[in-house]
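Q: Hi! Could you walk me through this protein, starting with the basics?

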Amino acid sequence: MSIELAIEEKTDKPWWNRPLIGDKPLVDYLFKQYSRTHICPEIISLHDYHLEKLESISVTLKALFNQKFTYSDFLIYARLEGYFQKYCQTKKHYFLIGKEFFRIILDNLDNLKSIIKIETKYQNPLLLIFYDSVYQLIKENHHKLIFQEKLIKLHYGFKDQLKETKERKIIDNYLACFISISEVENLLYFFDLLRVNNLTNWDHFTRISNFIEETKIGMIEDIKPFLLFTKSEQEFLIEIANKIIKIKEDDESKLVNIAKIFQYIALVDKYEHLYSQFQLFLRCLSKWEKIYYDIVNLRKNYPIHQFIIPPSFKVKLPGFEIYKSYHDYLDSSCLTRLIY
């Protein structure tokens, strides 16, 4: 009777699910290699911890994100800043010298114009000697505090010799202009270079200043307007390139590089205040990247054909679209190593 029951029980199951050898059915032998195992709870817990951190950082990323980060001209500026900070720390690159030269000259045009105006208009022999003495003092290349102290002593020595109130007022104004420009790093040096090379025609600099101000209103990604402008001031700018910035290229290349310098100055003026926020955003993005990379690597170790995947392993990782747009602004991006 028991034998009959066993035979009936055996024949009730389909042939592929009946025991073949011992108690194991044929299906176990055929599909054993495709059976999947559970991921250990510790790994799932570690994954979920990273996922929670990634979600938290993604919220911060969105809070730090500024819509201006998407502007095409801002992205040009960000790439230039990143390049210069990474590769031109010594600041000896002619591009950075040109940017510093034009920017500080343009920012201090009023004082520089006042100095030349005084020297041109008031030619008292004693004043002429005072002017020359000031330029000799500049060439001694003192620290600004020492320069200012010596300049004030020089000023009082000459002022005591002047009898007319008008001349005494002139020498006071001249002193005030030099005290002001001495506060700006390298401005005395650049101003003296311009004077020595007879390049103190401020009309050129006024036109440069006006042009840059006008370009800042719109988008600044197109270099063509800058090239057209440099060609309109070709003779003067080539002199600047030769004697001040020291660009060692042909004239056409000099004008192209100065056009790029002007474009960079316009970008700096427009976006410099925003760049610290962008750097903060990138630092946050760098933290996001590290955690993202940890999660992706962990998931790769547990493929779906070998393991039973928990729901959290299937969650789309937040913040990836932002990362995809800005990963190459990081110092070292892992995107090329990531598979998601």
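A: Happy to! The protein has 15 helices and four strands; these are DSSP runs numbered from the N terminus, with helices (H or I) of at least four residues and strands (E) of at least two. This is a predicted model, where local features need pLDDT of at least 70, side-chain atom pairs count only at pLDDT 80 or more, and totals for chains, interfaces and linings use all residues. Residues are numbered from 1 along each chain as its sequence is written, and side-chain values use heavy atoms, leaving out hydrogens and water.

Q: Cool. How much of the protein is buried?

A: Buried residues are 41% of the 340 residues. Buried means under 20% relative accessible area, exposed means over 50%, and partly exposed is in between (1.4 Å probe, protein chains only).

Q: And which residues have the most contacts inside the largest nonpolar core?

A: Those are F102, F178 and F205, in a core of 94 residues. Helix α14 gives the largest share of this core, with 23 residues. A nonpolar core here is a set of buried Ala, Val, Leu, Ile, Met, Phe, Trp, Tyr and Cys residues joined through side-chain atoms within 4.5 Å. In soluble globular proteins, nonpolar side chains tend to be buried together.

Q: What is F205 in contact with?

A: Leaving aside neighbours within four places in sequence, F205 contacts F101, F102, I105, L106, L109, L194, L199, F236 and I240. Contact means heavy atoms within 4.5 Å. There's also a second, separate core of seven residues, including I43, F307, I309 and F313.

Q: Back to α14. At what angle does α5 pack with α14?

A: About 60°, with the axes of α5 (residues 94-107) and α14 (residues 251-300) 9 Å apart. Axes are lines fitted to C-alpha atoms, for helices over the stretch in contact, and angles run from 0 to 180 degrees between N-to-C directions. That makes α5 oblique to α14, since angles under 35 degrees count as roughly parallel, over 145 as roughly antiparallel, 65 to 115 as roughly perpendicular and the rest as oblique.

Q: Which residues of α5 make the contact?

A: Y94, F95, L96, G98, K99, F102 and R103. On the α14 side, the residues include I258, F262 and E272.

Q: New topic: where is G319?

A: G319 sits in the loop between β4 (307-308) and α15 (320-326).

Q: Is G319 buried or exposed?

A: Buried, because its relative accessibility is 17%. Not counting residues up to four places away in sequence, G319 touches S58 and W288. Its C-alpha atom is 7.9 Å from that of E55, and the two residues are 264 residues apart along the chain.
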